[in-house]
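Biologist: I should be grateful for a close look at one part of this model, namely the place where two helices pack against each other. Please then relate what you find to the other parts of the fold that can be described with care.

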Amino acid sequence: MSRRLSEAQQREIAGRAQFLAERIDGGETTEDHTDTTTESGEPPQEGSAAVFDEWREQFESEQQFSDRLERLGISRAACRRAVGDETFRGDTLPEWVEPLDELVAWVCSTDPDSRPLRFDDSEPEGPYDSGRPFGPLSAAVAEFALTELLPDRVGESLPADALGSTAEWLREQFQTQFVRILYVELKTFVAVHDRERAFTDPEDVDELPREYYEQFVDHLFDGGFADFRVEYPVFGRLVPTQLRQWQQHVTEVADRLDDDRSVLREQFTDGDTLGAVTELEPLAEDTHRDGRAITRVAFESGVTVVYKPRSVAPGATFYDVLDGLNAVLPVPEFRIPTYVERPEYGWMEWIDHEPCPDEAAVERYYERAGGLVCLCYLLEFFDCQYE
């Protein structure tokens with residue numbers, strides 16, 4: 001794939017996107033500079049000083065801030081210099097720069113009208129999705145992730161059609177994290193072309209126009225996406241990181257499905273075949289352990305299980321306790337799901353939600369809910385939530 005970002009742009013993005021600790025580790029941190037000068041001997045930039053002061057104000061006292069710097073092993077002078085130093089000093093660019101360049105090249109060579117997402121049947125005809133802000137861009141990002149990052153995992157055990165839900169989830173993650181800065185750039189784009197419209201109250205317009213939105217999206221696909229990454233370097237770092245996490249998560253689920261297929265068949269089908277995977281669906285917006293998400297896995301046989309990227313021993317133990325109490329609790333018996341425990345991860349039976357058919361069922365529901373709350377209180381549970 002051809003390069004879209006020059007080496008100078010790559011180094012600029014890498015330098016500006018460095019974390020504070022990386023800037024300190026990559027630069028000189030000797031103590032022969034004062035708080036009022038940068039490494040070059042020049043006064044610190046006003047914006048850099050403001051960032052440093054804003055960080056310092058997050059602490060309740062100067063002592064707490066000093067203690068934090070001491071734990072990090074840096075002085076105030078080194079910290080001030082690092083905040084304002086956007087120079088990348090390493091010989092080798094960070095590993096996220098190359099996939100960033102590949103993504104930019106992919107987007108800038110994509111015609112969103114002629115290359116619709118193959119895994120999204122809900123995508124309307126044409127390049128613009130009125131129901132999803134900047135839908136063509138998130139669609140191109142997901143298409144890149146599916147096509148460029150997972151060629152070895154898509155096959156007989158994990159058909160491409162099964163990745164539709166997880167690719168849509170990736171689009172939602174992209175939109176959730178980055179739609180705000182896209183809106184900011186759209187507003188700027190409109191202001192350049194029509195300042196009066198940019199500052200018009202939407203409530204004063206009967207029908208919101210779309211021509212500048214469509215022009216802006218076309219601009220992103222026509223090279224503007226590369227400039228966007230230079231303008232927002234942390235965005236340029238986070239998107240490849242998000243794609244890497246998604247790739248590793250899907251690959252991990254696929255590998256563990258291959259490893260555990262026989263035991264899953266024994267536990268959930270009485271030895272019958274599972275069939276091919278038909279859907280991978282992440283079940284939560286928040287992720288853990290470098291982008292892992294709890295995922296629903298559906299098979300061709302109709303069997304559905306839940307993959308959890310952490311130990312399922314606590315859940316299995318809880319239901320063992322609940323099962324032991326079923327005979328003595330003054331509520332209808334609880335259904336005990338099947339678990340498959342593995343080191344550091346596991347599988348759980350999927351239980352479909354069913355609405356209460358009558359008033360008596362509603363009463364049984366709340367009796368069980370009360371029993372669960374009581375047991376959770378007794379066992380000192382915390383972080384119990386809707387999911």
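Modeller: In this predicted model, helix α10 (residues 211-231) packs against helix α11 (residues 233-269) at an angle of about 110 degrees, and their axes lie 4 Å apart. Angles of 65 to 115 degrees count as roughly perpendicular, and α10 and α11 are therefore roughly perpendicular to each other. On the α10 side, the contact is made by F225, F228, R229, V230 and E231. On the α11 side, P233, F235, G236, V239 and P240 take part. By character, the residues of this contact divide into seven nonpolar, one polar and two charged.

The sheet can be described in similar detail. Five strands form an open sheet in the order β1-β2-β3-β5-β4, with antiparallel pairing. Its edge strands are β1 (277-282) and β4 (339-342), each of which pairs on one side only. From one strand to the next, the twist averages 20 degrees.

Within this order, strand β2 (residues 295-299) pairs with strand β3 (residues 304-308) in the antiparallel sense over four bridges. V297 has V305 of β3 as its bridge partner. V305 also has a bridge partner in β5, namely E349. Strands β3 and β5 run antiparallel and are joined by four bridges.

Strand β5 (residues 345-349) pairs in turn with β4, again in the antiparallel sense and over four bridges. In this pairing, E341 stands opposite G346 of β5. The two strands β4 and β5 form a hairpin with two residues between them. One residue of the turn, E344, has a positive phi of about 75 degrees.

The surroundings of β5 complete the description of the sheet. Five of the five residues of β5 are buried, and the strand is mostly covered. Both of its faces are covered: Y345, W347 and E349 are buried on one side, and G346 and M348 are buried on the other. E349, the bridge partner of V305, is thus one of the buried residues of this strand.

A loop residue may be set beside these buried positions. Q58 lies in the loop between α3 (46-56) and α4 (62-72). Residues over 50% relative accessible area count as exposed, so Q58, at 59% relative accessibility, falls in that class. A polar atom of the Q58 side chain lies 3.2 Å from the backbone oxygen of E54.

Note on methods. Residues numbered from 1 in each chain as written. Predicted model: local features only at pLDDT ≥ 70, side-chain atom pairs only at ≥ 80, totals over all residues. Heavy atoms only, no water. Pairing = 2+ DSSP bridges. Axes fitted to C-alpha atoms, helices over the stretch in contact; angles between N-to-C directions. Parallel < 35°, antiparallel > 145°, perpendicular 65-115°, else oblique. Contact = heavy atoms within 4.5 Å. Nonpolar A, V, L, I, M, F, W, Y, C, P; charged D, E, K, R; others polar. Buried < 20%, exposed > 50% of the residue type's maximum accessible area, 1.4 Å probe, protein only. Polar contact = N/O pair within 3.5 Å; in protein donor to acceptor, adjacent residues only side chain to side chain.
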